[in-house]
Amino acid sequence: MHHCELEELTDHINSRISKVKNLMHLRAIGNDPEKQKIFRKIAEEVSGMTKLLDQFEKCVADERDSLKQLEELNELVEEDLQNAVHMAENIPSHMPVPTSAVNEVLPVQNENEPPSKDQAKKSRKQIKEMEFITVHEFDTIPPYMKGRVTYDVLNSAVRSINKTVTEKYKILQQPLRTLNNTSRKLYDRFKENETGETRGHFFVVEADLRELAQVTVDKRFLNLLSMLRHCQRLKEMRGGGLTRYQLL
């Protein structure tokens with residue numbers, strides 16, 4: 001047997017002897033009533049610590065679940081944010097506007113009595129605008145009527161009508177003495193197109209659309225007007241050889 005192997009064997013035997021001595025010592029202590037009380041107290045403390053450790057492990061597990069839920073919620077929030085950014089960067093050119101969206105102009109004044117500044121401020125009148133068609137409304141239009149017309153094309157017609165109405169009634173509600181020859185001729189024609197039925201309403205005729213918004217009033221555009229009538233944006237009033245399109 002080599003020297004190193006003999007040392008290892010000696011150390012192993014000494015270690016076992018030491019453990020046996022410790023066991024005998026503990027056994028002797030275990031028979032001591034006073035020491036048994038201490039052991040029981042230690043056992044109670046260990047049991048209490050075990051319960052606390054179990055509670056701690058449960059809390060850790062709960063927090064781990066909460067963290068997982070927060071991570072899932074964070075993914076949803078990021079997805080919603082990306083959708084919101086995409087929507088903000090791709091807003092349709094024709095968004096529905098509130099009914100209150102109107103233009104303010106001065107009211108009609110007596111030709112021989114120029115308006116004062118106070119009168120102009122106190123008696124402003126509003127020009128009505130047609131609301132743009134919503135996607136839901138567009139989807140309710142019958143296919144036979146809609147054909148290949150797109151949502152944007154229909155709202156482009158709304159824009160042209162609003163431009164025509166605004167330009168027309170700005171002229172009608174200005175003092176005559178401030179109008180140039182071209183506007184005065186338009187003013188006279190606008191007045192000739194009015195009837196008792198149109199009193200208090202905003203309307204346009206085909207000539208208004210052509211002159212004020214450069215619209216080509218052909219069969220295609222008339223079909224757009226029919227779709228707007230279906231969506232209850234306007235109604236037709238006929239008489240005197242004219243078709244008047246009144247904003248609702």
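Let me start at the surface: Leu70, Leu73, Leu76 and Val77 make a nonpolar patch of about 380 Å². Patches here are built from residues with over 30% relative accessible area and no salt bridge, joining like charges within 9 Å and nonpolar side chains (Val, Leu, Ile, Met, Phe, Trp, Tyr) within 5 Å. Areas are Shrake-Rupley values with a 1.4 Å probe, and for residues only the protein chains shown count as cover.

Some ground rules. This is a predicted model, where local features need pLDDT of at least 70 and side-chain atom pairs pLDDT 80 or more, while totals for chains, interfaces and linings use all residues. Numbering runs from 1 along each chain as its sequence is written, and side-chain values use heavy atoms, with hydrogens and water left out.

Back to the patch. Leucine 73 sits in helix 2, residues 33-89; helices are DSSP runs of H or I with at least four residues, strands are runs of E with at least two, and both are numbered from the N terminus. Leucine 73 counts as partly exposed because its relative accessibility is 47%. The classes are buried, under 20% relative accessible area, exposed, over 50%, and partly exposed in between, with a 1.4 Å probe and protein chains only.

Next, the cysteines. How many disulfides does the structure hold? Zero, taking a disulfide as a pair of cysteine sulfur atoms within 2.5 Å. Cysteine 59 is partly exposed at 47% relative accessibility, whereas cysteine 231 is buried at 9%.

Now the salt bridges, of which the structure holds 10. The criterion is a side-chain nitrogen of Lys or Arg within 4 Å of a carboxyl oxygen of Asp or Glu. Arginine 233 and glutamate 137 meet at 2.6 Å, N to O. That pair links distant parts of the chain, 96 residues apart: arginine 233 is in the loop between helix 9 and strand 4, and glutamate 137 is in helix 4, residues 135-140. Arginine 233 is buried, because its relative accessible area is 9%.

Helix 8, residues 206-213, has Ala207, Asp208, Leu209, Leu212 and Ala213 buried. Their cover includes helix 6 (151-172), helix 7, strand 3 (203-204) and helix 9 (219-230). Within helix 8, arginine 210 forms a salt bridge with glutamate 206, the closest N and O atoms being 3.8 Å apart. These two are four residues apart, so about one helical turn separates them. Both are partly exposed, arginine 210 at 42% and glutamate 206 at 27%. A network of salt bridges links Lys168, Arg189, Asp208 and Glu211. Just after helix 8, glutamine 214 takes a positive phi of about 50°.

What does asparagine 193, in helix 7 (residues 181-193), touch? Not counting residues up to four places away in sequence, asparagine 193 touches Phe203, Val205, Leu242 and Arg244, contact meaning heavy atoms within 4.5 Å. Asparagine 193 is buried, with 8% relative accessible area.

Last, the hairpin. Strand 4 (residues 234-239) and strand 5 (residues 242-247) pair in the antiparallel sense over six bridges; pairing requires at least two DSSP bridges between strands. Arginine 238 stands opposite threonine 243 in strand 5. Two residues lie between the strands, and glycine 240 takes a positive phi near 65°.
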